[in-house]
Amino acid sequence: LKGGTYHFKKQWGAIDQPLCWEYWTRGKDAPPILQAENSRYSAMVHMWKRLPLPIANLIGPCIRKRLSN
């Protein structure tokens with residue numbers, strides 16, 4: 001999935017770089033799926049988009065810590 005930022009940077013000569021990610025799965029078989037398209041998060045993403053920015057900035061770090069659980 002390549003969005004607007006990808007196309008913007010590409011037009012200025014940016015080069016794709018593969019990224020390697022490692023996950024500690026705490027004994028689980030597969031790493032977590034942390035994409036917005038994941039049905040587990042779709043309702044939360046919808047609500048998050050409607051939050052006022054100061055509230056989102058306040059509670060965002062606390063929520064992010066628990067996304068992979």
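This is a short walk through a predicted model of one protein, from its overall make-up to its helices, its nonpolar patch and its cysteines.

**Overall make-up**

The protein has three helices and zero strands, so its pattern along the sequence reads simply α-α-α. Not much is tucked away here: of the 69 residues, buried ones make up 6%. The exposed area comes to about 6,800 Å², and 62% of that is supplied by carbon and sulfur atoms.

**The helices**

Start with α1, which covers residues 4-11. Zero of its eight residues are buried, so this helix lies largely in the open. Just past the end of α1 you'll find G13, whose phi is positive at about 95°.

Further along, α2 takes in residues 42-50, and α3 runs over residues 53-66. Does α3 have an end-to-end distance that agrees with or departs from its expected span? It agrees: with 14 residues at 1.5 Å a residue, the helix should span 20 Å, and its end C-alpha atoms are 20 Å apart. Even so, α3 has a kink of about 45° at G60. The proline P61 comes shortly after that kink.

**The nonpolar patch**

W48, L51, I55, L58, I59 and I63 together make a nonpolar surface patch of about 500 Å². Which helix gives the most to this patch? That's α3, with four residues. Another member, L51, sits in the loop between α2 and α3. L51 counts as partly exposed because its relative accessible area is 30%, which falls between the 20% and 50% cut-offs.

**The cysteines**

If you're wondering about disulfides, the structure holds zero of them. Is C20 buried or exposed? C20 is exposed, as its relative accessible area of 78% shows, the cut-off being over 50%. C62, by contrast, is partly exposed at 45%.

Here are the three residues with their accessibility side by side:

| Residue | Relative accessible area | Class |
|---|---|---|
| L51 | 30% | partly exposed |
| C20 | 78% | exposed |
| C62 | 45% | partly exposed |

Conventions:
Residues numbered from 1 in each chain as written. Predicted model: local features only at pLDDT ≥ 70, side-chain atom pairs only at ≥ 80, totals over all residues. Heavy atoms only, no water. Helix = DSSP H or I, 4+ residues; strand = E, 2+ residues; numbered from the N terminus. Buried < 20%, exposed > 50% of the residue type's maximum accessible area, 1.4 Å probe, protein only. Areas by Shrake-Rupley, 256 points an atom, 1.4 Å probe, with all protein chains shown as cover. Patch = residues over 30% accessible without salt bridge, like charges linked within 9 Å, V, L, I, M, F, W, Y side chains within 5 Å. Salt bridge = Lys/Arg side-chain N within 4 Å of Asp/Glu carboxyl O. Expected span 1.5 Å × (residues − 1). Bend = angle between axes of the 7 residues up to and from the residue. Disulfide = S-S within 2.5 Å.
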